[in-house]
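Student: Please take one part of this model and look at it closely. I would like the local geometry first, then how that part fits into the rest of the chain.

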Amino acid sequence: MSATTDSTTGTSGKAGGRAADRPGVRTRAGVGWGDLAWLTWRQHRWTVLATLAIALVGAVGMLWVRAIFLEEAASGYPVRTWVGDYTELGHTLPTGLVLYGTFIGAVWGAPMLAWEYDQRTHVVAWTQDLSVTRWLVGKAAMLGAVAALIGAGLGAVAQMMANTINGVPRYVWINMFEEGFEYHPALQAAYALFGFALGLAISALVRRTVLAVGLTMVVGLLTKGFVELWLRGRYQSPFTSLVPVDEARPLGEGRGQAMYFQGGYATPDGIIPRVPDACTGPESGDMDWFRGCLKENGLTHFMEQYHPAERLGTFRLIEVALFLVLAAALFAFALHRVKKSVA
């Protein structure tokens, strides 16, 4: 028969004294970090392995495209017509990065907590040797670190591929300030942590797996869309250039790596109206005639608003900080809600 040990007095459940003093009987003080790591792996191993497999497929594809460009670069790009097909593939493969953080939140973060409520296993898990704080912090730290590492790896591979594609002479294929902005390891790690914390926070609030997964997807996509389409361009005030139509535009070829807002023929006070119909006839192919027509109609300048390529690093740093702060706030909220539920 087995012997049990009272957690407060240390006396054996059977007559005969302390279990620790009896030959062949082992006692343990509580659940250690190794036990928690083993539990986390047992519960989430298939989710982690499936995510890793998908990530590896994408990474191999991007490395393959990069290898093709490197091979052609070594031979001096002898045939110019082939490049476009592989460049389109280079644009397509990293599109999953836009959804990576939301995927982590919906598939990793939300079920981790909501499933415990659905199955009512939290009643046992959080009331014995393992405190709710240790359970949540430990599992979130382990899974969050893995998700961030996978995201960082994907971001690094996408960045290498894009830089290689942009090495094609005389042409920029991927604007790193626009479609390539998120091709960065630190950004993908921050998105993953934000998505994971968002899933935890929503599941702590609704306590239903299906509902938590759905809400995490919706809120995650809306947040990313808001940042990408509205907030990102406002991290700093854009540069505005207003030059006479006869002069060279300051941005010039640098537009290919800038975040571009708007540009056009403008009045001296910076208003961009519609180009008059009188200036769009067959003669408009003659630039001297075209500029003269614009001047006659009051469009004497050309205005551009943009963020130059030199700001890319600053903007990425701002966005990393933004999503890390959001992740920390969401995790603190989730921890507060969970602790309150068992108080």
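Tutor: Just after α6, Arg207 takes a positive phi of about 60 degrees. The model is predicted, so local features need pLDDT of at least 70 and side-chain atom pairs count only at pLDDT 80 or more, while totals for chains, interfaces and linings use all residues. Residues are numbered from 1 along each chain as its sequence is written, and side-chain values use heavy atoms, with hydrogens and water left out.

Helix α6 covers residues 185-206; helices (H or I, at least four residues) and strands (E, at least two) are DSSP runs, numbered from the N terminus. From first C-alpha to last, the 22 residues of α6 reach 32 Å, close to the 32 Å expected at 1.5 Å a residue (1.5 Å times one less than the number of residues). Of these 22 residues, 17 are buried, leaving α6 mostly covered. Buried means under 20% relative accessible area, exposed over 50%, and partly exposed in between, with a 1.4 Å probe and protein chains only. For the chain of 343 residues, the buried share is 40%.

α6 is one of the elements that give two or more residues to the largest nonpolar core, a set of buried Ala, Val, Leu, Ile, Met, Phe, Trp, Tyr and Cys residues joined through side-chain atoms within 4.5 Å. This core has 59 residues, and Trp108, Leu154, Phe196 and Leu200 touch the most other members. The other elements giving two or more residues are α1, α3, α5 (132-165), α7 (209-231) and α9 (312-342). The most comes from α5, with 13 residues. In soluble globular proteins, nonpolar side chains tend to be buried together.

Among the contributors to this core, α3 can be described in the terms used for α6. Helix α3 (residues 97-119) has 23 residues and spans 32 Å between its first and last C-alpha, close to the 33 Å expected. A kink of about 45 degrees is centred on Pro111 in α3, the bend being the angle between axes fitted to the seven residues ending at a residue and the seven starting there. Just after α3, Arg120 has a positive phi of about 60 degrees. Ile104 lies in α3 and is buried, because its relative accessible area is 0%. The C-alpha atom of Ile104 is 9.6 Å from that of Thr216, although 112 residues separate the two along the chain.

As for the whole chain, the secondary structure comes to nine helices and three strands, in the order α-α-α-α-α-α-α-β-β-α-β-α.
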